[in-house]
Amino acid sequence: MPMDVDGETKSEAATAGIVLKPKQEVVAKSTAQIVNDQRTNMPPSTRMAITRRVHPFVSLNPYQGNWTIKVRVTSKGNMRTYKNARGEGCVFNVELTDEDGTQIQATMFNDAARKFFDKFHMGKVYYISKGTLKDANKQFKTVQNDYEMTLIENSEVEEASNEPTFIPKTKFSFTPIDELGPYINGRELVAASEIPSAPLVQVRDQATNVCINILYSYRIFCATVSSSGQLILPEALKLLPLYTLGTF
């Protein structure tokens, strides 16, 4: 007489207080489907890292319409308001540095400024795309780059929070004292040229005054609006007072 094995198994399971679930059908997936499922469950920044090629700053130009950069925020300005013939608005900018140490200034206006102001944080790394580039205004630029970036409301900014970050390389550009003329005004050049012959105290006082004049000029012509007792310096100027005092 045939035995009802399934019936006996169910009876034993019921006696032991075990609930048996029906077998689930195993669905075979292709490699492409598995990869797609994995990417779907990834954070946006990780998906962007896999699906888009990251461009270094040196490869960008205003004629490229599709690029993604990976950058660290090395300076963040205050939100400023303005009024002109077209009405009122707000603006703020950040200085971005890629892994090679190349910097660029990014500016956001109105809706984009309000959208991204709280998203950008000093020292954090982001993937950015759908921005535009244009020739930098040399009168107002704070970094050494021929271009400046504008981010609009539709630009994409994703923090690289679930992957290794990076520390940008530091780049230096050294210029001999006798070639400083095109870069600085006469007073700075006088202080530098008198180092071999003038008394050290005199040279130190001249260099200190030059440093003060540089910081004062930056506050008047370049700095973002801030309280009278606060001066937010860009990366390029933060160590200038220390270097000036430490030289002598």
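The following paragraphs lead through a predicted model, from the chain as a whole to individual residues. Because the model is predicted, local features need pLDDT of at least 70 and side-chain atom pairs count only at pLDDT 80 or more, while totals for chains, interfaces and linings use all residues. Residues are numbered from 1 along each chain as its sequence is written, and side-chain values use heavy atoms, with hydrogens and water left out.

The chain contains eight helices and eight strands; helices (H or I, at least four residues) and strands (E, at least two) are DSSP runs, numbered from the N terminus. Of its 248 residues, 31% count as buried. Here buried means under 20% relative accessible area, exposed means over 50%, and partly exposed lies in between, with a 1.4 Å probe and protein chains only. The chain exposes about 17100 Å², of which carbon and sulfur atoms supply 55%; accessible areas come from the Shrake-Rupley method with a 1.4 Å probe, and for residues only the protein chains shown count as cover. Among contacts between residues at least 6 apart in sequence, 59% join residues at least 24 apart, where contact means heavy atoms within 4.5 Å.

Strand 1 (residues 68–76) offers an entry into the fold. Thr68 lies in strand 1 and is buried, with a relative accessible area of 2%. Thr68 and Glu156 are 88 residues apart in sequence, yet their C-alpha atoms are 9.2 Å apart in space. Ser75, also in strand 1, is buried at a relative accessible area of 11%. Apart from residues up to four places away in sequence, Ser75 touches Val94, Glu95, Met122 and Pro234.

Strand 3 (residues 87–97) includes Asn93, which counts as buried at 15% relative accessibility. Leaving aside neighbours within four places in sequence, Asn93 is in contact with Lys76, Gly77, Arg80, Gln105, Ala106 and Thr107. Strand 4 (residues 103–109) holds Met108, and Met108 is buried, with a relative accessible area of 0%. Met108 and Cys90 are separated by 18 residues in sequence and by 8.5 Å from C-alpha to C-alpha. Beyond four places in sequence, the contacts of Met108 are Cys90, Val91, Phe92, Val94, Ala113, Phe116, Phe120 and Leu151.

Two of these partners, Phe116 and Phe120, lead to the aromatic residues. A pair of aromatic rings is described by the distance of the centres and the angle of the planes. Rings of Phe, Tyr and Trp (its six-membered ring) pair if their centres lie within 6.5 Å; planes under 30 degrees apart count as stacked, over 60 as edge-to-face and the rest as tilted. By this rule the count comes to four aromatic pairs. The rings of Phe116 and Phe120 have centres 6.3 Å apart and planes at 50°, so this pair is tilted. Phe116 counts as buried at 2% relative accessibility, and Phe120 is buried with a relative accessible area of 0%. For Phe120 and Tyr126, the ring centres are 5.2 Å apart and the planes stand at 70°, so the pair is edge-to-face. Tyr126 counts as buried at 0% relative accessibility. Ring pairs thus link Phe116, Phe120 and Tyr126 into a cluster.

The backbone also deserves attention. Most residues other than glycine have a negative phi, and most peptide bonds are trans. Asn110 has a positive phi of about 50° although it is not a glycine. Asn110 is found in helix 4 (residues 110–116) and counts as partly exposed at 25% relative accessibility. Lys130, likewise not a glycine, has a positive phi of about 60°. Lys130 is found in the loop between strand 5 (125–129) and strand 6 (132–135) and is partly exposed, with a relative accessible area of 46%.

The last topic is a pair of helices. Two packed helices are described by the angle between their axes and the distance between the axes. Axes are lines fitted to C-alpha atoms, for helices over the stretch in contact, and angles run from 0 to 180 degrees between N-to-C directions. The axes of helix 6 (residues 200–221) and helix 8 (residues 240–247) come within 10 Å and cross at roughly 175°. Helix 6 and helix 8 are therefore roughly antiparallel to each other; angles under 35 degrees count as roughly parallel, over 145 as roughly antiparallel, 65 to 115 as roughly perpendicular and the rest as oblique. Helix 6 contributes Ala207, Thr208, Cys211, Ile214 and Leu215 to the contact, and helix 8 contributes Leu240, Pro241 and Thr244. By class, this contact has six nonpolar, two polar and no charged residues, where Ala, Val, Leu, Ile, Met, Phe, Trp, Tyr, Cys and Pro count as nonpolar, Asp, Glu, Lys and Arg as charged, and the others, Gly among them, as polar.
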